[in-house]
Amino acid sequence: MTNPLESLERQLEALVERVVPRLLGSRLSTPVLAGQLARTMDDGVLWDERGKGFAPDQYALTLPPEDVETLLAEAPELRQELASGLSEAARTHGLLMAAEPEVTLAADPTLARWDVRVVAWHRARPLEFTQGMPREPRTEPGRVPAGAFLIIDGGKHFPLDRPVVNIGRRLDNQLILEDPHVSRTHAQLRVRDGRFVLFDLGSTAGTQVNGRRSKQHVLRPGDVIAIGGSRMVYGEDPGGPPDSTPAYTPPFPPQPAGDQQTHVGRPPASEDE
């Protein structure tokens with residue numbers, strides 16, 4: 001009997017070989033990319049009350065910055081063709097999608113040349129979809145986007161369920177990163193007009209989004225944030241973070257918020273030692 005995952009991998013490998021230019025075939029491993037796409041799709045399947053399986057509809061492919069530029073230049077239709085192929089693969093294997101799939105290419109300068117990492121999630125939960133949920137529910141200005149989260153280092157999720165989230169080494173941050181290259185109060189996520197905006201708070205090492213240093217950036221699903229040695233993928237799903245990853249727990253017991261309220265109006269000066 002054919003293994004469903006192996007069958008899915010073969011179908012996606014044929015897709016990748018078709019859409020990736022032959023020139024890149026020897027550098028970008030099609031079996032590795034196909035395997036990651038198949039496993040993230042299979043691991044992310046959710047089931048509704050009628051037993052119907054829904055595959056993830058959001059996929060982020062992270063590669064080194066120069067590889068992203070090469071792919072965009074030599075395969076400009078890659079994202080759309082991968083999205084169409086993922087939709088076809090899901091149908092072939094009896095899976096539904098709550099929305100048309102989207103594929104994002106994101107830069108991660110810590111990866112070796114032609115390494116690729118795939119993260120997948122659902123824009124909407126199956127039950128919400130079957131009840132006629134709009135494709136992109138509106139968020140009111142100033143309100144936290146529904147189901148926003150971070151995937152930290154590919155292994156843990158951090159729900160973004162408040163309008164202000166501080167990130168840094170200090171124990172009164174909501175997201176504590178135990179890393180000497182991270183400032184005490186390094187960055188801040190703040191809701192503005194219904195979107196999360198990332199601010200660098202004058203850190204020494206800086207904050208990068210999709211491989212580029214950034215002082216301020218409006219986040220969109222699939223964006224890769226680099227702070228010190230940590231890599232975080234931003235996502236949105238009205239149902240919350242993916243169940244396949246455990247929740248983030250701080251390395252030390254968090255302390256009271258202290259002076260964090262001052263961060264809401266204006267980012268404070270760097271507090272590095």
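This section describes the cores, the internal cavities, one sheet and two loop residues of a predicted model.

The largest nonpolar core comprises 35 residues. Within this core, the residues with the most contacts are Leu12, Leu37, Tyr59, Leu61 and Leu82. At least two residues each come from helix 1 (4–19), helix 3 (30–43), helix 4 (65–74) and helix 5, and also from strand 3, strand 4 (102–107) and strand 5. Helix 5 makes the greatest contribution, giving 6 residues. A second core, separate from this one, has 23 residues, among them Ala148, Ile176, Val182 and Met232.

Tyr59 of the largest core was examined for its contacts. When residues up to four places away in sequence are left out, Tyr59 touches Leu37, Thr40 and Met41, as well as Leu86 and Met97. Its further contacts are with Glu102, Val103 and Thr104, and with Val118, Val119 and Ala120. Of these partners, Leu37 is itself listed among the core residues with the most contacts.

Rolling a probe the size of a water molecule over the atoms shows where empty space is left. In this model, 2 cavities of 30 Å³ or more were found. The largest cavity holds about 70 Å³ of space. Its lining consists of Thr62, Asp108, Arg117, Val119, Ile151, Asp153, Gly154, Val224, Arg231 and Val233. Strand 5 (117–121) and strand 16 (230–236) each provide at least two of the lining residues. Sorted by class, this lining contains 4 nonpolar, 2 polar and 4 charged residues. Val119 appears both in the lining of this cavity and among the contacts of Tyr59.

The second largest cavity encloses about 40 Å³. Val20, Leu28, Leu33, Leu61, Leu63, Leu71, Leu78, Leu82 and Val116 form its lining. At least two of the lining residues come from strand 3 (58–63), and at least two from helix 5 (78–92). The lining is made up of 9 nonpolar residues, with no polar and no charged residues. Leu61 and Leu82, which line this cavity, are also listed among the residues with the most contacts inside the largest nonpolar core.

An open sheet is formed by 5 strands in the order 9-8-10-11-14, with mixed pairing. Strand 9 (175–176) and strand 14 (216–218) occupy the edges; each has a single partner strand, so one side of each is left without a neighbour in the sheet. Strand 8 (residues 164–168) is antiparallel to strand 10, and the two are joined over 4 bridges. Ile167 is placed opposite Ala187 of strand 10.

Two residues that are not glycines have a positive phi: Asp193, at about 55 degrees, and Asn210, also at about 55 degrees. Asp193 is located in the loop between strand 10 (187–192) and strand 11 (195–200). Asn210 is in the loop that runs between strand 12 (208–209) and strand 13 (212–213). The relative accessible area of Asp193 is 62%, and this residue is therefore classed as exposed, the cut-off being over 50%. Asn210 has a relative accessibility of 24% and so counts as partly exposed.

Key:
Residues numbered from 1 in each chain as written. Predicted model: local features only at pLDDT ≥ 70, side-chain atom pairs only at ≥ 80, totals over all residues. Heavy atoms only, no water. 1 Å grid on protein atoms, 1.4 Å probe; cavity = no way out; pocket = protein on both sides within 12 Å on 5 of 7 lines; lining within 4 Å. Points joined across faces, edges and corners; volume = space filled by probe spheres on them. Nonpolar A, V, L, I, M, F, W, Y, C, P; charged D, E, K, R; others polar. Core = buried A, V, L, I, M, F, W, Y, C linked by side-chain atoms within 4.5 Å. Buried < 20%, exposed > 50% of the residue type's maximum accessible area, 1.4 Å probe, protein only. Contact = heavy atoms within 4.5 Å. Pairing = 2+ DSSP bridges.
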